[in-house]
Amino acid sequence: MRRINRLFQIVWVICRYRLDEFAPLTLLPLPLRLLFLLAPWRLFPKPQIPRGERLRRALEELGPIFVKFGQILSTRKDLLPEDLADELKRLQDKVPPFASDMAVRIIEESLKSPVSELFADFQTYPMASASIAQVHAATLKNGKEVVVKVIRPGIEKTIRLDIALMLLVARLVENYWEDGKRLHPVEVVKDYEHTIIDELDLQREAANTSQLKRNFAGSELIYIPEVYWEMTHSRVLVMERIYGVPIADVEQLRKANVNMKLLAERGVEIFFTQVFRDSFFHADMHPGNIFVDVSNPANPRYIAIDCGIVGTLTPEDQSYLARNLLAFFRRDYRQVAVLHISSGWVPGHTRVNEFEAAIRTVCEPIFERPLKDISFGQFLMRLFQTARRFDMEVQPQLVLLQKTLLNIEGLGRQLYPDLDLWSTAQPFLENWMKQRIAPPGLLKAIKQHAPDWIEQTPELPQILYEAFDQLRHLDRYNQANQDSLASLSRAFEKDKQQRRDFWLAGLVLASAAAMAIGDQPLRLTELPWPSVMLAVAGLYLLMRPK
């Protein structure tokens, strides 16, 4: 029932703000187009406010999941009209706040002390407010300036309802759309559920922040603020206050004479360092979470906050991804095709030559061109067409990485449109691959795995014995597998036959009943013989041994 109420609430907001205006009707199939044209929202008057404001207010009313979607869109001026992108920027840190006395109550309940005892100064009006939490400025008793992040009350309930609706839609898509199974929508939504629920735990965010700070200790690329663990709770996080220019304020960065080329290149380097060196990356890098330290404009440094969402990759995915990217940078499209097939990202029966040609067609138009000359919309369209043609499956474990890459690419376009993404990233990847196979990299891997090898050494004779035993009885195992497969096949055929008999019997019995009713029989003995014969045949089909 709560899901139905939430669904009505979503439809109500769509009607109220007339969001149907944003649907690309000409691209929709005819049934959906008719549904949109006849839907109830057309009975509502259009609010007399700009369309960007209508969209932004609707996303704010719909809650955190929709606000996050708006945050991603706000970085894509290449895909959205400028007035919409500018209005959606307000979703990055200017979502309407919740009451300050509520924030104070949450802080005092969580940290078990009055705010006046915890801080020398606490500003009740929030300095920033986003989809999940809001932030207040404060000063500790020792004089250090901090920010206090507080989770929005009651937000988890709304998120869980929206996730339940998303899962329902995902299941419908997976079961009834021809591309549904390839896109894995249910798995993607479940992964997203874990991600956003984890974001509600500020202790987890504090742990992520501490890990990122260690990974970039002393780095001139990025600075991560310090966490005050003694004042951290699942609903409250106290961190060092930082000062910098918001990354979205490009005009202010230019006024400060920041080296924009270096800043954009460092953004790319930070991304690849996190993904490949550390396998631990900040996965919510929208502009509201990134600032720039302009104290030395010739050597600008990023400042990252809000580390609630981080991503990791398995060593296998990391290796496949790096090899794919390197092959792509070298325009070795055959190698890209082979790697996609061997990693299982496309079906094993795919013809390498055809896939190689398709990849070449997608990639050549964008290669070695600056971001400003690449039509991201057209590139995505060609990519989706290729993925569909070759039955390429969505990899749920890479969705978070792709979302982050989307943010980074959008930022690069705003900061330095002449950025050559390829020549910036290639040296880093080549160096990373060399380090992996060079003696220091091999030594590091050996050191990492040596304790496991040593621990398992006493078990080695038993492991060898079991391996030889399995080899010796391989024929028996194969025979058992074949028997199991044959048994499954028989069960499948039996089930198919039962269903076929059921439907046929139903048809025959229905025909018998229709004939009997048509003749209006009064007694069983007066039934017409064709009706009786059909009834007997139908019963035989239902009851015969299978």
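Glu430, with a relative accessible area of 25%, is partly exposed, a class that lies between buried (under 20% relative accessible area) and exposed (over 50%), judged with a 1.4 Å probe and protein chains only. The side chain of Glu430 meets that of Arg330 in a salt bridge of 3.6 Å, N to O, the term being used for a side-chain nitrogen of Lys or Arg within 4 Å of a carboxyl oxygen of Asp or Glu. The model is a predicted one, in which local features need pLDDT of at least 70 and side-chain atom pairs count only at pLDDT 80 or more, while totals for chains, interfaces and linings use all residues. Residues are numbered from 1 along each chain as its sequence is written, and side-chain values use heavy atoms, with hydrogens and water left out.

**Salt bridges**

- A search of the whole structure finds 23 salt bridges.
- Asp162 and Arg6 meet through their side chains in a salt bridge of 2.5 Å, N to O; because Asp162 lies in helix 8 and Arg6 in helix 1, the pair ties together parts that are 156 residues apart in sequence.
- Helices here are DSSP runs of H or I with at least four residues, strands are runs of E with at least two, and both are numbered from the N terminus.
- Asp162 counts as buried at 3% relative accessibility, and Arg6 is buried as well, with a relative accessible area of 4%.
- Another salt bridge, of 2.9 Å, N to O, joins the side chains of Lys149 and Glu205; Lys149 lies in strand 4 (residues 145–151) and Glu205 in helix 11 (residues 202–215), so this pair ties together parts that are 56 residues apart in sequence.
- Both Lys149 and Glu205 are buried.
- In the pair described at the start, the side chains of Glu430 and Arg330 meet in a salt bridge; Glu430 lies in helix 19 (residues 421–437) and Arg330 in the loop between helix 14 (315–329) and helix 15 (333–342), so the pair ties together parts that are 100 residues apart in sequence.
- Arg56, Glu60 and Glu87 are joined into one network by salt bridges that share partners.

**Surface patches**

- Arg2, Arg3, Lys157, Arg171 and Lys190 gather in a patch of positive charge on the surface, and the elements that give two or more residues to this patch are helix 1 (2–16) and helix 8 (155–176).
- Patches are made of residues with over 30% relative accessible area and no salt bridge, like charges being joined within 9 Å and nonpolar side chains (Val, Leu, Ile, Met, Phe, Trp, Tyr) within 5 Å.
- Lys190 is found in helix 10 (residues 185–199) and counts as partly exposed at 39% relative accessibility.
- Leu460, Ile463, Leu464, Phe468 and Leu471 make a nonpolar surface patch of about 500 Å².
- Within that patch, Leu464 has its place in helix 21 (residues 460–472) and counts as partly exposed at 44% relative accessibility.

**Glu240 and Arg214**

- Glu240, which lies in strand 6 (residues 236–240), is buried yet has no salt bridge, and the nearest side chain of opposite charge, Lys213, is 4.8 Å away.
- The side chains of Glu240 and Tyr223 are joined by a polar contact of 2.9 Å, meaning a pair of N or O atoms within 3.5 Å; within protein, one must be able to donate a hydrogen and the other to accept it, and residues adjacent in sequence count only if both atoms are side-chain atoms.
- Arg214 has its place in helix 11 and counts as exposed at 54% relative accessibility, and its side chain makes a polar contact of 3.0 Å with the side chain of Gln211.

Methods. Areas by Shrake-Rupley, 256 points an atom, 1.4 Å probe, with all protein chains shown as cover. Lys, Arg positive; Asp, Glu negative; His and termini not counted. Charge placed at Lys NZ, Arg CZ, Asp CG, Glu CD.
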